[in-house]
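Ready for a few hands-on exercises? Have a go at each task before you read the solution under it.

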Amino acid sequence: MYATNDIDAGHIDIVNIECPSSPTLALTTKIGSGTPINPVDMHNYAFVYDDSSTAVTWMPTTGTAGYWSIDIGSATQSSAPWVGFNFEGSCPGSGAVWMSAAGANAGDVRLFNAAGSQVLGTGSGTYPLGSGAHTHFEWRFYAPSKATTPQIYNLYFGFSASAPLSTQNWLAAKFVIIP
């Protein structure tokens, strides 16, 4: 158990932008069709990936280094968290998502689109997100070697927008890879 609620499968919008009252936006996280989660409550959740899932693959790079790849396809949600970003279509405006490491992690985390291009990484750049956008990624969790014990990646996600936010503009999330 890595948190009060370990999520090991399903559709997750880690960055979910809603509009509780126009023009104000709210940053939440949505798990399945459940009630959106306020950023301050995310410490109660961990997104857990088991290496035995068909959606999780260790990809060696140089020497012993490599990364765990989490499949971009929607079939992922049956055996692992399928994590993406959503901006409700009824909300006006646009903004940008950023991601950074929250303390020491086993390695970088990078997001890739369906074309195989990196679109976001820990500490590098932002991802544009506008009204009606809903996207998922191939997640890559890098490590100096394939571990034999669970690896924890603590990340911050934030959202910058021209409209005011009724919630804090960032959240902390825990991702766990079980080799």
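**Exercise 1. Walk across the mixed sheet.** Keep in mind that this is a predicted model. Work out the strand order of the open sheet of six strands, and find which strands stand at its edges.

*Solution.*
Step 1: Going across the sheet, the order reads 1-4-15-14-8-11, and the pairing is mixed.
Step 2: Now look at the two ends. Strand 1 (5-7) and strand 11 (127-130) each have a single partner strand, so one side of each is left without a neighbour in the sheet.
Step 3: Next, the twist. On average, neighbouring strands here are turned by 30° against each other, direction ignored.
Step 4: Zoom in on one pair. Strand 4 (residues 45-50) and strand 15 (residues 170-178) run in the parallel sense, with five bridges between them. One bridge to look up: aspartate 50 has isoleucine 178, in strand 15, as its partner.

**Exercise 2. Explore the largest pocket.** Find out how much space the largest pocket holds, and which element gives the largest share of its lining.

*Solution.*
Step 1: The space in the largest pocket comes to about 170 Å³.
Step 2: Its lining is made of 17 residues, and those nearest the centre are Met42, His43, Ala172, Ala173 and Lys174.
Step 3: Two elements give two or more residues to this lining: strand 14 (151-161) and strand 15. The largest share, five residues, belongs to strand 15.
Step 4: Sort the lining by type and you get 13 nonpolar residues, three polar and one charged.

**Exercise 3. Take the second sheet apart.** Which strands are at the edges of the open sheet with the order 5-6-13-9-10?

*Solution.*
Step 1: This sheet has five strands, with antiparallel pairing.
Step 2: The edges are taken by strand 5 (56-60) and strand 10 (118-121), since each of them pairs on one side only.
Step 3: Neighbouring strands in this sheet are turned by 25° against each other on average, again ignoring direction.
Step 4: Start from the strand 5 edge. Strand 5 and strand 6 run antiparallel and are joined by five bridges, and proline 60 has glycine 66 of strand 6 as its bridge partner. The two strands make a hairpin with five residues in between, and in that turn glycine 63 shows a positive phi of about 60°.
Step 5: Hop to the other end. Valine 119 sits in strand 10 and is partly exposed, at 21% relative accessible area. Between its C-alpha atom and that of glycine 132, 13 residues away along the chain, there are 18 Å.

**Exercise 4. Check both faces of strand 6.** Is strand 6 largely enclosed or largely open, and why?

*Solution.*
Step 1: In a regular strand, side chains alternate between the two faces of the sheet. That gives us two sets of residues to check.
Step 2: On one side there are Gly66, Trp68 and Ile70, and on the other Tyr67 and Ser69; all of these are buried, which covers both faces of strand 6.
Step 3: Five of the five residues of strand 6 are buried, so the rest of the structure largely encloses this strand.
Step 4: Who are the partners? Strand 6 (residues 66-70) runs antiparallel to strand 13, with five bridges joining them. Tyrosine 67 stands opposite tyrosine 142, while tryptophan 68 stands opposite phenylalanine 141.
Step 5: Follow the chain onward. Alanine 80 lies in the loop between strand 6 and strand 7 (81-87), and at 0% relative accessibility it counts as buried. From tryptophan 68 to alanine 80 is 12 residues in sequence and 13 Å in space, C-alpha to C-alpha.

**Exercise 5. Hunt for aromatic pairs.** How many aromatic pairs does the whole structure contain, and how do phenylalanine 141 and phenylalanine 175 pair up?

*Solution.*
Step 1: Searching the whole structure turns up 16 aromatic pairs.
Step 2: Phenylalanine 141 and phenylalanine 175 make a tilted pair, with 5.7 Å centre to centre and 40° between the planes. An angle under 30 degrees would have made it stacked and one over 60 edge-to-face, so tilted is what remains.
Step 3: Place the two residues. Phenylalanine 141 is in strand 13 (residues 138-143) and phenylalanine 175 in strand 15, so to speak a link between distant parts of the chain, 34 residues apart.Step 4: Check the surroundings: both phenylalanine 141 and phenylalanine 175 are buried.
Step 5: Widen the view. Both belong to one aromatic cluster, whose members include Phe47, Tyr49, Trp139, Phe141 and Phe175.

Definitions and conventions
Residues are numbered from 1 along each chain as its sequence is written. This is a predicted model: local features need pLDDT of at least 70, side-chain atom pairs count only at pLDDT 80 or more; totals for chains, interfaces and linings use all residues. Side-chain values use heavy atoms; hydrogens and water are left out. Two strands pair if DSSP finds at least two bridges between them. Helices (H or I, at least four residues) and strands (E, at least two) are DSSP runs, numbered from the N terminus. Axes are lines fitted to C-alpha atoms, for helices over the stretch in contact, and angles run from 0 to 180 degrees between N-to-C directions. On a 1 Å grid over the protein atoms alone, a cavity is a set of points where a 1.4 Å probe fits but cannot get out, and a pocket is an open set with protein on both sides within 12 Å along at least five of seven lines; lining residues have an atom within 4 Å of a point. Grid points are joined across faces, edges and corners, and a volume is the space filled by probe spheres set on the points. Ala, Val, Leu, Ile, Met, Phe, Trp, Tyr, Cys and Pro count as nonpolar, Asp, Glu, Lys and Arg as charged, and the others, Gly among them, as polar. Rings of Phe, Tyr and Trp (its six-membered ring) pair if their centres lie within 6.5 Å; planes under 30 degrees apart count as stacked, over 60 as edge-to-face and the rest as tilted. Buried means under 20% relative accessible area, exposed over 50%, partly exposed in between (1.4 Å probe, protein chains only).
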